[in-house]
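Trainee: I would like to learn how to read a structure like this one. Could you walk me through it, one feature at a time?

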Amino acid sequence: MSFLMAAEEGANPLIPNIWEIAITAIGFLILLFIVTKYVVPAFEKIYQDRKEAIEGGLAKAEKAQAEAAAAREEYGQQLESARLEAQKIREEARAEGDSIIAEAKERASVEAARITENAQKTIAAERASAQASLRTEVGTLATALAGKIVGESLADDQRSSRVVDRFLADLDAQQQAGATR
């Protein structure tokens, strides 16, 4: 009986109705058409945009990296150039300092020689002046002393001059004789 009931109803629950299969197939084809016509191109466009953005970002990153490397190389060259220039300036300053010191020493040496020469000239002039002054004083004292010893006046200038010259000559001779001993 149950078999008869199933036959009366006429449909096997495991086998679908042909109209249902046809409507589902038409709906699927319409949905497939809509997806391939509108959705897939939109996804494809989004995919392409992302791909281009990623590739562009990679290209920009590579370009930025290349620019950074070039800038770093240029900076290194500038730094090395600055180091060399600083070394050159230090050497020039050292050489200039040495020449200034040598020049100052030379000027000081010349000035010291000039001062020494002037001092020697001054000493020689003062010695000559002192000797002349002493000759005059010794001559006057010797004349006065000789006049007292002899008992006569030696006021005559020529006579006193001869006496003084003889006395000084004797004095010089005694000094030289004492120096050679």
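**Exposure, salt bridges and helices**

Mentor: Let's start with one residue: Arg114 has a relative accessible area of 40% and is partly exposed. Here buried means under 20% relative accessible area, exposed over 50%, and partly exposed in between, using a 1.4 Å probe and protein chains only.

Trainee: What kind of model is this, and how are residues numbered?

Mentor: The model is predicted, so local features need pLDDT of at least 70 and side-chain atom pairs count only at pLDDT 80 or more, while totals for chains, interfaces and linings use all residues. Residues are numbered from 1 along each chain as its sequence is written, and side-chain values use heavy atoms, with hydrogens and water left out.

Trainee: Which residue does Arg114 meet in a salt bridge?

Mentor: A salt bridge means a side-chain nitrogen of Lys or Arg within 4 Å of a carboxyl oxygen of Asp or Glu. For Arg114 the partner is Glu111, at 2.2 Å from N to O. Both residues belong to helix H2 and are three residues apart, about one turn of the helix. Glu111 is partly exposed, with 34% relative accessibility.

Trainee: How many salt bridges does the count come to?

Mentor: By that rule, five. Among them is the pair Glu80 and Arg83, whose side chains meet at 3.7 Å, N to O. These two also lie in helix H2, three residues apart, again about one turn. Glu80 counts as partly exposed at 38% relative accessibility, and Arg83 is partly exposed too, at 49%.

Trainee: How far apart are the closest N and O atoms of Asp49 and Lys45?

Mentor: They are 3.3 Å apart, and the pair forms a salt bridge. Asp49 and Lys45 are separated by about one helical turn because they sit four residues apart in helix H2. Look at the two ends as well: Asp49 is partly exposed at 38% relative accessibility, whereas Lys45 counts as exposed at 53%.

Trainee: Let's step back to the whole chain. How many helices and strands does the secondary structure come to?

Mentor: Helices (H or I, at least four residues) and strands (E, at least two) are DSSP runs, numbered from the N terminus. This chain has three helices and zero strands. Reading from the N terminus, you meet the elements in the order α-α-α.

Trainee: What share of the residues of the chain counts as buried?

Mentor: The share is 6% of the 181 residues. For the surface itself, accessible areas come from the Shrake-Rupley method with a 1.4 Å probe. The chain exposes about 16,000 Å², and carbon and sulfur atoms supply 62% of that area.

Trainee: Which residues does the UniProt annotation "transmembrane region" cover?

Mentor: UniProt positions follow the numbering used here, with shortened feature names, and annotations may be inferred rather than shown by experiment. The unreviewed UniProt entry puts "transmembrane region" at residues 18-40. In the model that span is 100% helix and 0% strand, with its end C-alpha atoms 30 Å apart.

Trainee: And where does UniProt place the "coiled-coil region"?

Mentor: That feature, also from an unreviewed entry, is placed at residues 54-92. Over residues 54-92 the model is 100% helix and 0% strand, and 56 Å separates the end C-alpha atoms. You can revisit one of the earlier pairs now: Glu80 and Arg83, in helix H2.
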